[in-house]
Amino acid sequence: MNVFFAALHKELLLQWRTRARVLSVVVFGATALLLMSFAIGPDAGSLRQYAGGFLWLALLLSSTLTLEASLEAETEQQALEGLLLLPVAPTILFYSKALANTAQLALLGTVLVPVAIVLYGAGTARPLALFGLIVLGAGGLAAPGTLYATMTARARAKQTLLPLLLFPLVVPVLIAATKASSLLILGDPMRQLSAWLTLLVAFCGIYWTLCGLMFGVIVED
Amino acid sequence: MTTPLALDVQGLARRYGGRWALSGVSFSLEAGQALALVGRNGSGKSTLLRLLAAALRVHAGEARVCGADLRRDADTVRRRTALLSHAAYTWEALSARENLVFTSRLLGQDRPRERAAQRLEQVGLAARGDDPVSSFSAGMRKRLALARTLLQEAPLVMLDEPYGALDPPGFRLIDGIIRAVRVEGRSVVMATHQVERAAALCDRGLVLEQGRVAWQGPAAELPLKSGLLRGSEEGA
């Protein structure tokens, strides 16, 4: 357990030291939200109706930058290979990195919510539930994102490969997160929220389990 | 009574795509001995070291590294070996001290800060220990990578061109460290173009040519075999 916390501490410290990158990702996400609000037009009802979807779309687009950057620190001096030569289980390395990426994406999502409130009027009466949903959705993006970012880290076309591999895989997470967000923003008269949250939790569980198992295989050689 | 072997390599081979970078490599090294690995650029020295450190998968052949089967027990091999590679294996955004403290923690060692401080002192980086690695010169990165390798306290230490990027005091540092490691009864494998130094520091010598063993014998005879190395002076 100490080794896991050491690995997690290292990940969080690396993210803190490269925090200037986070600012650029936030600006990217906010710009995406702004552009999409212009595409809808001034109709307040439509803006509010689509706010959940656009929030997750902005987060998805920004996530590729965050995930790529998280692996950059490991590839500069081949630190990842160095880590794999230590007697540390690859699963520990994966879960520490995926958890740190979840934290960063959750932070990004949380920062984008006020932007969505201003642009789309996407306020909610249950801000804590929305925050929990963002953390859960960020986890659903971070686990496969960390795996694929590792796979593509040394590829020449990694900027193209990562979204190509990641986006189709996380569609169930995005659908569940978008629906749940919309229900939190627009209201939930039919009590559907728990069903979408259950779906989201299920996919998070599947991704975190499978990606953790596969990480050791993909980094082996 | 026979001396245990640090390395027992039989027909080791590795290919990249369709090209065999290493083929039919066989040799052994007694525990506590030092082996100098020499050969031209591209002869397979780095590949051999990375195979023996379980950083690459073996495509043919067998090897026992400090008693552990390289193909079946890579985790134990990694526990018993430390590799100084061409890459520094460090995080640029962290300080030298943080790099070593995290490595020590990941190794599950006690007193990581104390150990990191000792190693920084040993490689002459104590004064710059709190500076980010991104501000380091190539020679300083090499020293930090060496500190990281020594931190592992492995029974088999493998050094890939350890003199590369170092200044003359750095050369003496490497010589001293190899001697100190050997005094502790640990084994050393060093890939280098510094044939004279290798001959003075090591017991055994092995010359690789195009991925095959061209010669092996006492390290003292390595300079006599320099014809095999003509035109491959080290750019250290």
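**A tour of the chain B sheet and a chain A patch**

Begin in chain B by selecting β6, β7, β8, β3, β9 and β10, since these six strands form an open sheet in the order β6-β7-β8-β3-β9-β10 with mixed pairing; strands are DSSP runs (E, at least two residues), helices likewise (H or I, at least four), and two strands pair if DSSP finds at least two bridges between them. The model is a predicted one, in which local features need pLDDT of at least 70 and side-chain atom pairs count only at pLDDT 80 or more. Residues are numbered from 1 along each chain as its sequence is written, and side-chain values use heavy atoms, without hydrogens and water.

At the edges lie β6 (81–84) and β10 (212–218) of chain B, each pairing on one side only, and the twist averages 15° from one strand to the next.

Next select β7 (residues 156–160) of chain B, which runs parallel to β6(B) and is joined to it by four bridges; in β7(B), L159(B) is the bridge partner of L84(B). Then show helix α5 (residues 138–151) of chain B, which packs on the sheet, touching β6 and β7 of chain B, its direction making about 175° with that of β6(B); contact means heavy atoms within 4.5 Å, and angles run from 0 to 180 degrees between N-to-C directions of axes fitted to C-alpha atoms, for helices over the stretch in contact.

Finally, move to chain A and select F28(A), L57(A), L61(A) and L65(A), which make a nonpolar surface patch of about 300 Å². Helix α3 (residues 44–75) of chain A gives the most to this patch, with three residues, whereas F28(A) lies in helix α2 (residues 19–40) of chain A.

Note on methods:
Chains lettered and ligands numbered in written order. Patch = residues over 30% accessible without salt bridge, like charges linked within 9 Å, V, L, I, M, F, W, Y side chains within 5 Å. Areas by Shrake-Rupley, 256 points an atom, 1.4 Å probe, with all protein chains shown as cover. Salt bridge = Lys/Arg side-chain N within 4 Å of Asp/Glu carboxyl O.
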